[in-house]
Amino acid sequence: MVRFGVTISGVVQGVGFRPFLYREAVQNRLSGFVRNTGSGVYAEIEGDALSCEVFFFELETNAPPLSRITQIRREELPVQGGDSFSILASEGGGKTALISPDIGICEDCKRELLDPKDRRYLYPFINCTNCGPRFTIIEDIPYDRQNTSMAGFKQCETCQREYDDPANRRFHAQPNACPACGPELRFLLNGTEQPGDPIERFTEAIRAGMIVAVKGLGGYHLACDAENETAVSLLRVRKERYEKPFAVMARDLAAISSLCEVSPEEEALLTSRQKPIVLLKKRKVTALAPSVAPGNDRLGVMLPYTPLHCLLLEPFAALVMTSGNISDRPMIYRDEDAGDGFAGLSDAILTHNRPIVRRVDDSVCVVSLGEPRFLRRARGWAPEPLPIFGNDRVILAVGAQQKNTFALAKGNHVFVSGHIGDLDDPETESGFVSEIGSFERLLDAEPDCVACDLHPDYLSTKFAQSLGIPAISIQHHHAHFASVLAEHAVREPSAGFIWDGTGDGGDGTVWGGETLCGTIAGSKRTGHILPFRLLGGEAAVREPWRAALAVCDLALGRARALQLPLFIPRAREAALLLSAADAGLNAVPTTSMGRLFDAVAAIAGIRQTTAYEGQAAIELEQAADRSEPGNYSFSPVWEGGMRVYDWRPVVRAAVSDAENGIPAGRISMRFHRALAALMAAAAEEIRHETGCNRVALSGGCFQNELLVELGVSALQRRGFTVLINHLVPCNDGGISYGQAAAAAALLGERSTQCALQSREE
Ligand code: ZN
Ligand code: ZN
Ligand code: FE
C-alpha cells in the first residue's frame, strides 16, 4: 500500500475535475479525498502501487475537456488506511487557481433544453459542469457558489441532489439552477413588466420590428430582426452608428451558410466551446437587411452561446446582436444602468435576475491561412493565461489607449483582460481601473512593477505612473513585436515588420511603418517608410484625403498635387492645411502605414472620409482585384544607418493609374503587392547582414487578410519563417501582452547582468 498527496494546478475548478478524480479513485479502489484549494485541486490517494500509477496515468491523459493542467506535483505520504474516497469542502489559502472563462452551452444541455420531458425544458439558465457562465459570475475565488453571483439563489432539493452527486453531470456545477429555484426572465415595455412568457413577448416585439435590449452573459446586446431593413436602419440611427457592420447571431450552421461562405476551419471555430463572432465572407444574395453590413463583403456571425440565446433564435434565422451601447461607449452590463441607458435606444428590455459581475464582450475571430486569429479576445478566452518565460515577478501591463486590454503577469502566466475599449471614454476608463483591481484580487497578485506605453498622454500611461511602483515604458511597436515573439516562445533575434496606424516613437514623431530587429527584451529600429505629415493631427485619421494630400504634395509637388481632381472640391482647405504644415502647425511627421493605406484608398477613389476606424483600409482591401498581376514599387534608400522605404514612386503610379481610369481594384492589388515585395526585399537585406531568418508580422495593418496572405507567401517563398499573432490580436488589443513579455525579459536580463556584475566584484 502507498499514499500520495497530489497537487494539481491550472484551470481545474468549475470544470468537473473533482468528480473526475472521484470516479478514477473509486474505479481503482483507492481511498482518500479531493478538494479545491486557492491554488487548484489537492487530493490524497491510497491503495496498491499499480492502481495509483493507473490513477496518475488517467490524470495525465484523460482529464476533463475544459480543464488545463499546468502542473501535477506528487509526494509520498505515510499510509493512513481508510476505505472510501470523498470530496471535501474547499479550502481557502493562496489564490493561484486559474479561473475558467465562460463556456458556450454544451450539446447535453441543449438536448435537455429542447426536451419536453426534461424538468429544465425551455429553461434559459440550464448549465452543467461542462458549460455555462464562469468568469462573468465570479466575485472571488475559490470558485464556489457563495463566491459567485449565484449566491443569492438557494438550490431546490432536486438541484441540490444533483450538485452533491459525484456521478451527476451537475456535480458542483456552481451556477446549477432550474425553473423552481434559479434565475428568471422578465420582459419590460416602457419600464413595466409584461405578463406572459418573456420569450414569447420578445418574439412578438422582434416580429413587430422593435429593437430589444437583451441581458445576456457578459452584458446587454441590442437585438432586432436581421432581415428587417426598417428595424436595422432604425437601430443605426438610434445607436448613432451609421456604417460600421453589426454582428449577427444566426440560429444554426444552416442559417449561417445561407448568409455566408463557411470553410471547415471557420465552422470549427463557430461551433467551438467559445463560440466567438467569426468574420465570414458574405454571400452575394441573402435575406439579410442591407444595413447590417453596408459596403462590406464580410459579416461577423456567431451561434447562440447561452441557452437563452438558443431560445431567442428558435423563431428567427438571424438577429442583429450588437453590444448594448451608443456608438463607441462600453457595453452596458449592470441592471441599474439599463433603464436609463436604453431609453431612446431600445423599445423593450428582456432581462433576468442573475447579476453580471463583470462586462465581457464577444470575441471576434477570423480564419486566416487556415488558422484562427483574434481581432478581439474576450468572451470564452479571458482570463485564460498566456505563456511567458523567465518571469519571477508580478508585472502589470496597462496596454495602449485604443482597443485597450491590460495584462497581469505572474510567474509563467500572463492573464490578459478581455477587451476594455477606447480609454478616451470616461466610463471605459473607470472600467479599466476597476477591472485591474478585480484581477489583482482574483489572482492574489500585487504588481511590483508596471509596464506601459511610451506615449505620455495615454490614460493607461498616466494610470501606470500614478501607481507609485517602478514603471517601465515599452515603445508601442516593440510591444507589438514582443507579443509575436512571446507567443511563439522565440528567444533568438528576429526581424519584424510592425505596421499600424499610430504609436509614439519617442522621437517626437508618430511611427507606424517600422522595421525592427531584436528580441523580446529590446529591438532596434532598422527601417521605416518615408515620413510624411499628419495634416491637422488626429483629424487626418478620420479623413483619408488628408493623408493623400500629404503624400501627393511630396510625390508630385505642391502645384500638381493641388490640381488633382481629388483635391479640387477641397482646394481652399487643402492649400490652408499645407501652408499650416509648412509653418510647422499641427502637422506631426509620421511613418504610419495605416495612413499610407488611407492615402492610397483616397487616391484610388474608394473613400475620402471614414465613419469608423480602419474603414478606408478595409474597403481598399476588399476592393482588391486578385487577378491583377502588376505591382507598384517602393524604392529603398539608406539614410543615417536606416533603411527608408520611399513610397513616392508608389504614389505617382497610383495617381497616374487613377487618372487613366484604372479601376480601384487593380490599384489596390498593385499596392498590396508592392508591400509584399517590400517585406521580402527588406527581409532579404536583414538576412544578408545578420543571418536572421525569422520575420514577425504585427500591428493593426495585419488585420488585412490580403496583406497577410501576400506577405507570408512572399517571405515563405524565400525561405523565411514567418510568425504572426494567434493568441492575441495583432491590433492594439495585443499590446498589453507584448508589454508584459518585454518587461519580464528586460527585468530578467537586468537581473542576470546584476548577478554577473556582483560576481565580478
Ligand atoms: Zn452543459
Ligand atoms: Zn432547482
Ligand atoms: Fe498599434
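Two strands count as paired if DSSP finds at least two bridges between them. Keep that cut-off in mind for the first stop. The model on screen is predicted.

**Stop 1: the five-stranded sheet**

Select residues 2–11. This is strand β1, and its antiparallel pairing with β4 runs over nine bridges. Now add residues 68–77 to bring up β4. For one contact in detail, pick Gly 10 and look across to Ile 69 in β4, which stands opposite.

Widen the view to the whole sheet. It is open, has five strands and follows the order β4-β1-β3-β2-β5. Its pairing is mixed. Strands of a sheet pair through backbone hydrogen bonds, either parallel or antiparallel. Which strands sit at the edges? They are β4 and β5, the latter at 85–87, and each pairs on one side only. Neighbouring strands of this sheet are turned by 15° against each other on average, with direction ignored.

**Stop 2: a cavity between two domains**

Select Gly 14, Gly 16, Phe 17, Arg 18 and His 172. These residues lie nearest the centre of the second largest cavity, which has 14 lining residues. Its volume is about 80 Å³. Show helix α1, residues 17–27, next. This helix supplies three residues, the largest share of the lining. By class, the lining has six nonpolar, seven polar and one charged residues.

Why does this second largest cavity lie between domain 1 and domain 2? Colour 2–87 and 100–183 separately: both domains give residues to the lining, so the cavity lies between them.

**Stop 3: the largest cavity**

The structure holds five cavities of 30 Å³ or more. The largest has a volume of about 190 Å³. Select Pro 133, Leu 217, Thr 306, Pro 307 and Arg 354 to find its centre; they lie nearest to it among 24 lining residues.

Show helix α9, residues 307–313. With three residues, α9 gives the most to this lining. Then colour domain 2 (100–183) and domain 3 (185–365). Each contributes at least three residues to the lining of the largest cavity. The class count here is 11 nonpolar, eight polar and five charged residues.

**Stop 4: the second largest pocket**

Move to Tyr 333, Arg 359, Gly 431, Ser 434 and Glu 435. They lie nearest the centre of the second largest pocket, whose lining comprises 24 residues. The pocket volume is about 380 Å³. How do the lining residues divide by class? There are eight nonpolar, eight polar and eight charged.

**Stop 5: strand β24 and its partners**

Select residues 494–504. This is β24, a mostly covered strand: nine of its 11 residues are buried. Buried here means under 20% relative accessible area.

Add residues 510–518, strand β25. The two strands pair in the antiparallel sense over eight bridges. Asp 504 is a good place to zoom in: Val 510 of β25 stands opposite. Together β24 and β25 make a hairpin, with five residues between the strands. Click on Gly 506 in that turn; its phi is positive, about 80°.

Finally, show residues 694–698. This is β31, which runs parallel to β24 and is joined to it by four bridges. End on Ala 495, whose bridge partner in β31 is Val 695. With both partners on screen, β24 shows antiparallel pairing to β25 and a parallel run with β31.

Methods: Residues numbered from 1 in each chain as written. Chains lettered and ligands numbered in written order. Predicted model: local features only at pLDDT ≥ 70, side-chain atom pairs only at ≥ 80, totals over all residues. Heavy atoms only, no water. Buried < 20%, exposed > 50% of the residue type's maximum accessible area, 1.4 Å probe, protein only. 1 Å grid on protein atoms, 1.4 Å probe; cavity = no way out; pocket = protein on both sides within 12 Å on 5 of 7 lines; lining within 4 Å. Points joined across faces, edges and corners; volume = space filled by probe spheres on them. Nonpolar A, V, L, I, M, F, W, Y, C, P; charged D, E, K, R; others polar. Domains from an automatic or database assignment. Axes fitted to C-alpha atoms, helices over the stretch in contact; angles between N-to-C directions.
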